[in-house]
Every structure is written in C-alpha cells, then in structure tokens.
Amino acid sequence: MALIVQKYGGSSVGSVERIQAVAQRVSKTAKAGNSVVVVVSAMGKTTDGLVKLAHDISSKPCRREMDMLLSTGEQVSIALLSMALKELGQDAISLTGAQVGITTESEHTRARILGITTQRIERHLKEEKVVVIAGFQGVASREELEITTLGRGGSDTSAVAIAAALWASCCEIYTDVPGILTTDPRIVPQAQLMDKITCDEMLELASLGAKVLHPRAVEIARNYGVPLVVRSSWTEQAGTWVTAPERGGRSLINLEIARPVDGIECDDSQAKIALLRVPDSPGIAARLFGEIAHQEVDVDLIIQSIHEGNSNDIAFTVMTPILKKAEAVASAIAPVLRNDQSPETGEAEVMIQENIAKVSIVGAGMIGRPGVAAQMFAALSEAGVNIQMISTSEVKVSCVINAAECNKAVEVLQKAFEIDNVKDNITQNKAKVSALLPPVCGVALDMKQSRLAIRRVQDRPGTAAKVFGLLAKHNVSVDMIIQSQRCRVIDNIPTRDIAFTIPRADAEATQKMLQNAAKEYGWGEVVLDKAIAKVSIVGAGMVGQPGIAAKMFAALAECRINIQMITTSEIKISCVVDENQGKKALQVIHEAFGLSGDEIFVIPA
C-alpha cells in the first residue's frame, strides 16, 4: 500500500461540480488500497477576490491581517472536499495548516516552511481517513498560532513538503494542463507533452517562467528525493514524472531554509579560448560554434559579453587534452569573422589561457536567494582569488580562476558554506549518463528581465563581491552574469565591463543604486537596457554532446536574430536577444530541436 499526496489547484476546485469530480478521483485512489493526503488551494478566483476586498478597505493592508484573510480561502475548499468525500462513503477529515503543524518563518505573506509535525496526519491515516489539508498556510508559532501564508507557489510547496515529511511514495500535482510541455503552448501550440523530466531540468524551466510547478516545490522535491507527477484534473492521462535523486539523510529541520549549498565541484583540467572583437551581427556565434561542433570539440562554458561599439567578445572553456584542437579551430575561423562593414576593426584576436580551473557551488537552495552568489564571491575575494569568468544556473554557480588557486578556493568555499564533500572532475561520468537522455527537453522565454552593465570595473579580487554584495543587500535577484574578456588599463589598473540581468521591476531602482556606488568605487557608467528577451534551452542530455549550442545559434542566425549575450551551464544555454524578436526566437529554436508534435494544446482561460 502506497502513501500518496495529491495537490489540486484553484481551477480544479473552482465549483461544486469540480470539487465533486476531485472527490471521485481521490476516492478511487483510496479504494485502490492507498493512504491519501490531499492538499488543496482556494476555490477558483477566491484569493483574488479576497485581495480586492482588502484593498477596498485599505490602500495598504497590514500583512498580518492579509494572512488572516487569505488563509480563509483554503478552509472553504478543504471543508467542502471533505464533505464531498463523505457523500461518496469515503471517511475524510479537513485540517488547516495550523492543525497539521506546519511551522514557518515569521514572515507574513511570504513565509518559508521550517518543519511539519506529522503525528496527527499519521493517526488519521491509520484510521483509514483521507486527510484534506489547506495548502499555502502555516503558523509561525505553535504557542501563539500566528497564521502565515507562503506566497507564490504556496500550495505546491505545502504539498511537496508534506510528502517529504511523510516519506510519501509520490506527490501528484493536479492542474489544468496535462503535464509539463516542451514550451509555452500559447506561443507554440504544437508543444509536446514530456513523459519525464529531471528535477534539475524542471528547476531551470520553472525559474524561466514555466508556471506548472513553482521552483520552491521542485527544490524541496530535489533535496528530499520526492518523486513528482504533474497531471490534468480533467483526464486520465499519465502526465509528466519529475524524477528526483534518491533520498539521502537530509534533516527535515528548517526544511525550506536549510543550507542552500550542499556540494562543491572542482575541475582543474580546463583551458580558456577567447575571441576578441568579433562582429556584433547575426550568425557569428553560429559560424564559430558550428565549426567547433564540426570538428567534434566539446565546449563547457560559453560567454558572449555585451557589445562594445560594433564588436563582441566570445569566450569558451574546453578540457585541457583537446586545447590544441580547439585552438586550431578558433585560429582558423578568426579571419573569417572579420567585420566587413567596419574593416578598421580588423581580425578577431584569439587569446588562449591554460592552467585555469572551474570551481562551483551546487545546491537547489539558491533559488530566489540573492546572497548565495554574493557569499561565494566574497569568500573568494577574502582569499585573494580573482574571478575570470562566471556562469550561473538555478542549481550551480561556477567561477573560472587560476588553477594554482584551486585548492585555496575550495578550502574557503568549504568553510563559507560549511561543506565537507568536494567532487572532482566528473564530466565524463555525467556525459555517460547524459547520453541516455534527449539533449534538449524544453525551450523557455523570459520577457521580464532587464540588463545592467557597469563599465570599467577593476579587474582584481573583490570586485564581484562588491557588485553582487550590493545587489544582495538590496534583495535583487541576478540571473545571467557576464564579464568582458577585453581589458582596459586606466591609471595603471586593469578594468573590464560586467553585465547581468535582473527582474525588470527592479531595474531602474537598481541602476540608480549602482550609479551612486560607482562614484564611491571608481566604476564607470551604469547602462540599462529594458528591451531584451532571454531564450533558453534546457536538457540534461547536452553534457558531453558537441553541437547543441551550434544548433541553437544557427536557428537564430537563419532568422537574422542577433545574439546580444550568451551564458551556459551544464544543462542550460541562454541567449539574450532583442525584445521584439523573443517569441520568434523561441519558435525557431523549438522547431530546430524537433520538439513540436501533432497535437495542439490549448491552455484554459
């Protein structure tokens, strides 16, 4: 007999008829011999209606009273669903977050879960009752029962956390779509349904705007080994399985705020190749990486910096044993990349750097926590380690440094994040695993980012720590980070440009803050561009598979879509393009990787 947690969203319980349909499904699961815990959201648009009522009363409602108000929505749902189950002859009991024993931080409207007391749930399950729990809520104090809500994605988060605490066989997320699709069907109606996807892939897609699962819920599933399945509330389709690593011994204490980093990886067998002053025009990255792929050169990190005048810098890293081959390809293609429109630019210059290392922090707890990357940069700064390249994803932040400083970097990061385990170069093992997976599982578009660039920051230890420490202090989440490869010496101090993307809503205030800091730290101007879009491919199967980036770049080049920035991680490649070309970019990339199918998916209003 399995213990199954099921979660139903607001649309799934939006009317009496829908609640009765959910009760039928829950009852069928229980009658099959399973123990069932159900987590539900408020009915339909109930939460929106409660928010409107609050703002009709007050222009700036108290956050504590908002929690008191919003938590009532789920109480309606759980009581009605319990009644519906009893009408079917299935014994059930409804419980609020407080009654279950979900304890949280004392952060009203955006609390994170600290722990769950499962004794009451387990007692009712032994009595063969279906336990129906209000999602989205908990209490900050068991003594005072101070009600809190969990913010966006709160019901998903509640369900997966309860599944982790109960050691459930799986957590089923029921929604108004049939599962996880390869992209947004509102942009590509022929998007396909995935049979399965890894937690790491889902984290990347969720953070890029795929709304089926909230990143917080996926983070808990990954950390605690909870298998997830996303299914439609209206059909019997199998849905999409989100596969999690095997469950380890991670403590359930401070469940959502436990340490964000759980491992450090080190690879000291890398070399960097940079092409300086390549033309800033469509097709350049496609030609370069097309030839690299043709020669079967496997590339790790790729970055393309923001343009300077009419040219860009592109840098990438390769394993040391294939450096000579990669250098030969870069040197051969550099003359071809001459900017014909501006002959004075001259040929692209090839710059080789051996004896570099890539050191990374790994963990699913970095999501939405701006201070994690800043803490890494600060630790390296205190040790006098200069960062040459930065690559970020939802589960990893990597820095390229001098190989001679690798051991020192690992030691300070171990201390900073209280980590014991250090993983050596495991690229070959990951490549063996990735060969069994499709290279790209999904394509995502983010139209809510802006780019900030700080010109002429000092190229020395501590600069990244200052920049991203400031951003963390102001609670600004950073996505892509790029350091230019060209170095300018000003007053005998080498300088580079650094650019990064942040949420558009924070852009203007952040630019102003950084402009004030620039005067203090001696940086150059801070340039803001809000008219950008970020298109990304995600897939665990791209590790060790040459040509994936080249195919993406070629698809964009064929439509004359210029790439403004590039960053990569092991399972994601992201390009910044002009905002007006974002949707077209997603469509052509999705088609290039053969992800379209025959079935048309329509998202309910």
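This is a short walk through one predicted model, from a sheet to a few single residues.

Let's start with the open sheet. It has eight strands. Their order is E3-E6-E2-E1-E9-E11-E12-E10. The pairing is mixed. Which strands sit at the edges? They are E3, residues 92-95, and E10, residues 196-198. Each of these two pairs on one side only. From one strand to the next, the twist averages 20°.

A quick reminder on sheets in general. Strands pair through backbone hydrogen bonds, and the pairing is either parallel or antiparallel.

Now look at the E3 end of that order. The partner of E3 is strand E6, residues 130-134. These two strands run parallel, with four bridges between them. To find the spot on your screen, take Ala 92. Opposite Ala 92 stands Val 130, in E6.

Next, strand E18. This strand covers residues 396-402. How many of its seven residues are buried? Six are, so E18 is largely enclosed by the rest of the structure.

E18 pairs with strand E16, residues 349-362. The two run antiparallel, and seven bridges join them. One position to check is Ala 357, which stands opposite Ile 401 in E18.

E18 also pairs with strand E17, residues 389-392. This pairing is antiparallel too, over four bridges. Here Thr 392 has Val 397 of E18 as its bridge partner. What joins E17 to E18? A hairpin does, through three residues.

On to the aromatic rings. The structure holds six aromatic pairs. I'll take one of them, Phe 289 with Phe 553. A pair of rings is described by two values, the distance of the centres and the angle of the planes. For Phe 289 and Phe 553, the centres are 5.5 Å apart. The planes are at 65°. That makes the pair edge-to-face, because the cut-off for that class is over 60 degrees.

Where do these two rings sit in the chain? Phe 289 is in helix H9, residues 284-294. Phe 553 is in helix H16, residues 548-558. They are 264 residues apart, so the pair links distant parts of the chain.

Are the two rings' residues buried or exposed? Phe 289 has a relative accessible area of 3%, so this residue counts as buried. Phe 553 is buried as well, at 1%. There is a third member to mention. Phe 316 joins Phe 289 and Phe 553 in one aromatic cluster.

Another ring has a charge over it. Turn to Trp 167. Arg 247 lies over its face, at 3.4 Å from the ring centre.

Two single residues to finish. The first topic is Thr 567, in strand E27, residues 565-569. Its relative accessibility is 6%, so Thr 567 counts as buried. What is Thr 567 in contact with, leaving aside its neighbours within four places in sequence? The contacts are Ile 302, Met 480, Ile 481, Ile 482, Lys 572, Ile 573 and Ser 574.

Then Gly 462. Find this residue in the loop between strand E21, residues 449-458, and helix H14, residues 463-473. Is Gly 462 buried or exposed? Its relative accessible area is 14%. Buried means under 20%, so Gly 462 is buried. For a sense of span, pick Val 218 as well. Gly 462 and Val 218 are 244 residues apart in sequence. In space they are 33 Å apart, C-alpha to C-alpha.

Definitions and conventions. Residues are numbered from 1 along each chain as its sequence is written. This is a predicted model: local features need pLDDT of at least 70, side-chain atom pairs count only at pLDDT 80 or more; totals for chains, interfaces and linings use all residues. Side-chain values use heavy atoms; hydrogens and water are left out. Two strands pair if DSSP finds at least two bridges between them. Axes are lines fitted to C-alpha atoms, for helices over the stretch in contact, and angles run from 0 to 180 degrees between N-to-C directions. Buried means under 20% relative accessible area, exposed over 50%, partly exposed in between (1.4 Å probe, protein chains only). Contact means heavy atoms within 4.5 Å. Rings of Phe, Tyr and Trp (its six-membered ring) pair if their centres lie within 6.5 Å; planes under 30 degrees apart count as stacked, over 60 as edge-to-face and the rest as tilted. A charge sits over a ring if NZ of Lys or CZ of Arg is within 6 Å of the ring centre and within 35 degrees of the ring normal.
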